[in-house]
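Thanks for coming. I have a few minutes on one structure, mainly salt bridges, one helix pair and the packing inside.

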Amino acid sequence: MTNKYSVTLLPGDGIGPEIMAVTVDVLKVIAQQCDLEFSFQEALIGGAAIDATDTPLPTETIEKCRQSDAVLLAAIGGYKWDNLPREKRPETGLLGIRAALGLFANLRPATILPQLIDASSLKKEVVEGVDIMVVRELTGGIYFGQPKGIFTSETGEKRGINTMAYTVSEIDRIAKVAFETAQKRKGKLCSVDKANVLDVSQLWRDRLNAMASQYPDVELTHMYVDNAAMQLVRNPKQFDTIVTGNLFGDILSDAAAMLTGSIGMLPSASLGSDRPGLFEPVHGSAPDIAGQDKANPLAQVLSAAMMLRYGLNEPLAADKIEQAVLKVLDLGYRTGDIMSEGCQAVGCQGMGEALLKVL
C-alpha cells in the first residue's frame, strides 16, 4: 500500500530555492523506491513573502502548513530586509510559523561524519565520534515572554525589556520529548540551565528532577550554561542528549553544530504535540552566494530525512537518504564549504546529481 503525504515547501530566501529544488528531486526518487507518494505545495515566508505581500508570514502560508503532513523549510532572511521594523523582518515569520504550528521542541543533531572530520576546527581526537542531540524549547522563554519592548522610563531614559519566563507545563512537555529522545539514544540526558542565578532556571531544574523517576533508564545530569559552552569545546564526547531553554538552546546548538566543521551539513526538526512538524537546515540563507550554484544542499536533504523519520514515521526512507549522503561523501564530492584536498569540487546542482546517481 502506498503511503501518501502532503508536504508544504517553504523555499524562502537566498540559497533556499536552490537547495529545496535538489531536495525535492531526491524525495521524488525516494518515493518511487519506498512506495510513497508526495504531493508538494509551495508557500511564501520571510523576505520573499515581504516582497510579495508586505508581511513575513501570510495567513495563506499558515493555512497551507496546517493542512499538510509536514513542512520543509529552506532558509529565510538577507541584508535586503535587515533595516525593517522588527515585526516586518523575515525572522518574525519564522517565529510566527513555529508558534502557529505549536512547535515547542527543536531537535538539532551534531554528528561528526568521519569523511568530514578534518573540516572541524578542533583536534581530531577531541571531535572523533561526537554524536550529540540538542533538544531546545522553542516557543517559550525570553523570545516570547511578556512584557517586552523598548520603553521610556520615568526619567526619560529608554529601557529595553525582555522577560524570560517558563510555566510548569511548558517545561514538562519539553522534558518529556528530551527524556524520550535520550531513551532512543544512549540514555544520557544533560539539562542545561542557570539555576544559580535565575529563578526561572531553578523551576526548570526542579521539574526535570521531578520527572526523572518516570525514566529510570535515563541518567539525568545538570550543567550551568556557561560551563556547558566550555565543555562543548573542551570535551564534547561527554554529551549525548542535551535539553535546554530557548535562548541557551539557540546558542549552544550553533556551538555544537560547528564541532562538525560546517553548519552547511546539519539538519533540524521542530515538533509539536501533533503534526505537522517543521524541518529545516540550521544554516542561514547565505545571500552572498545565492544564485551562483555554490550552496551545499546536504543539510536540506538531511532535513528531509529527519522529516521522514520524525514527522512521517518512514525510517527506511530516511535511512536511504542518509546513506546516500554518506556514499556521496565517500566518493569524494564536496561543495566549497566542505572542500578538502584530493576531493572533487561540485556546485549545488552537481551535488544533487551525485545524490540521484547514488540513489
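Start with Asp 240 and Arg 185, which form a salt bridge, with 3.1 Å between the closest N and O atoms. This pair links distant parts of the chain, 55 residues apart: Asp 240 sits in the loop between α8 and β10, and Arg 185 in the loop between α6 and β8. Keep in mind throughout that this is a predicted model.

The two partners differ in how much surface they show. Asp 240 has a relative accessible area of 3%, so it is buried. Arg 185, at 24% relative accessibility, counts as partly exposed. The pair also has company: Asp 131 joins Arg 185 and Asp 240 in a network of salt bridges.

Next, Asp 193 and Arg 205. Their side chains meet in a salt bridge of 2.9 Å, N to O. Which parts does this pair tie together? Asp 193 belongs to strand β8 and Arg 205 to helix α7, residues 199-211, so the bridge connects parts that are 12 residues apart in sequence. Asp 193 counts as buried, at 1% relative accessibility. Arg 205 comes out at 17%, and because buried means under 20%, Arg 205 counts as buried too.

The third pair sits within a helix. Lys 176 forms a salt bridge with Glu 180, and the closest N and O atoms are 3.0 Å apart. Why are they about one helical turn apart? Because they are four residues apart in helix α6, which runs over residues 168-184. Lys 176 is partly exposed at 41% relative accessibility, and Glu 180 is partly exposed at 29%. The count for the model comes to 15 salt bridges, so I have left most of the list out and will move on.

Now the helix pair. Helix α8, residues 225-234, packs with helix α9, residues 246-258, at an angle of about 10°, and the axes are 10 Å apart. The two helices are therefore roughly parallel to each other. What meets across the contact? From α8 there are Val 225, Ala 228, Ala 229 and Leu 232, and from α9 there are Phe 248, Leu 252, Ala 255 and Ala 256. Sorted by type, the residues of this contact are eight nonpolar, no polar and no charged.

That brings me to the interior. As background, nonpolar side chains in soluble globular proteins tend to be buried together. The largest nonpolar core here has 69 residues, and Phe 179 and Leu 308 touch the most other members. Leaving aside neighbours within four places in sequence, Phe 179 is in contact with Leu 189, Leu 208, Met 211, Ala 212, Tyr 215, Val 218 and Leu 220. Apart from that core lies another, of 20 residues, including Ala 110, Val 126, Val 130 and Phe 248. Phe 248 is one of the α9 residues in the helix contact I just described.

Last, one residue in a strand. Leu 72 lies in strand β3, residues 70-75. Is Leu 72 buried or exposed? Its relative accessible area is 0%, so Leu 72 is buried. Beyond four places in sequence, the contacts of Leu 72 include Val 7, Thr 8, Leu 9 and Leu 10, and also Phe 279, Gln 300 and Met 307. Leu 72 and Pro 11 are 61 residues apart in sequence, with 8.1 Å between their C-alpha atoms.

That is what I have; questions are welcome.

Technical notes
Residues numbered from 1 in each chain as written. Predicted model: local features only at pLDDT ≥ 70, side-chain atom pairs only at ≥ 80, totals over all residues. Heavy atoms only, no water. Buried < 20%, exposed > 50% of the residue type's maximum accessible area, 1.4 Å probe, protein only. Contact = heavy atoms within 4.5 Å. Axes fitted to C-alpha atoms, helices over the stretch in contact; angles between N-to-C directions. Parallel < 35°, antiparallel > 145°, perpendicular 65-115°, else oblique. Nonpolar A, V, L, I, M, F, W, Y, C, P; charged D, E, K, R; others polar. Salt bridge = Lys/Arg side-chain N within 4 Å of Asp/Glu carboxyl O. Core = buried A, V, L, I, M, F, W, Y, C linked by side-chain atoms within 4.5 Å.
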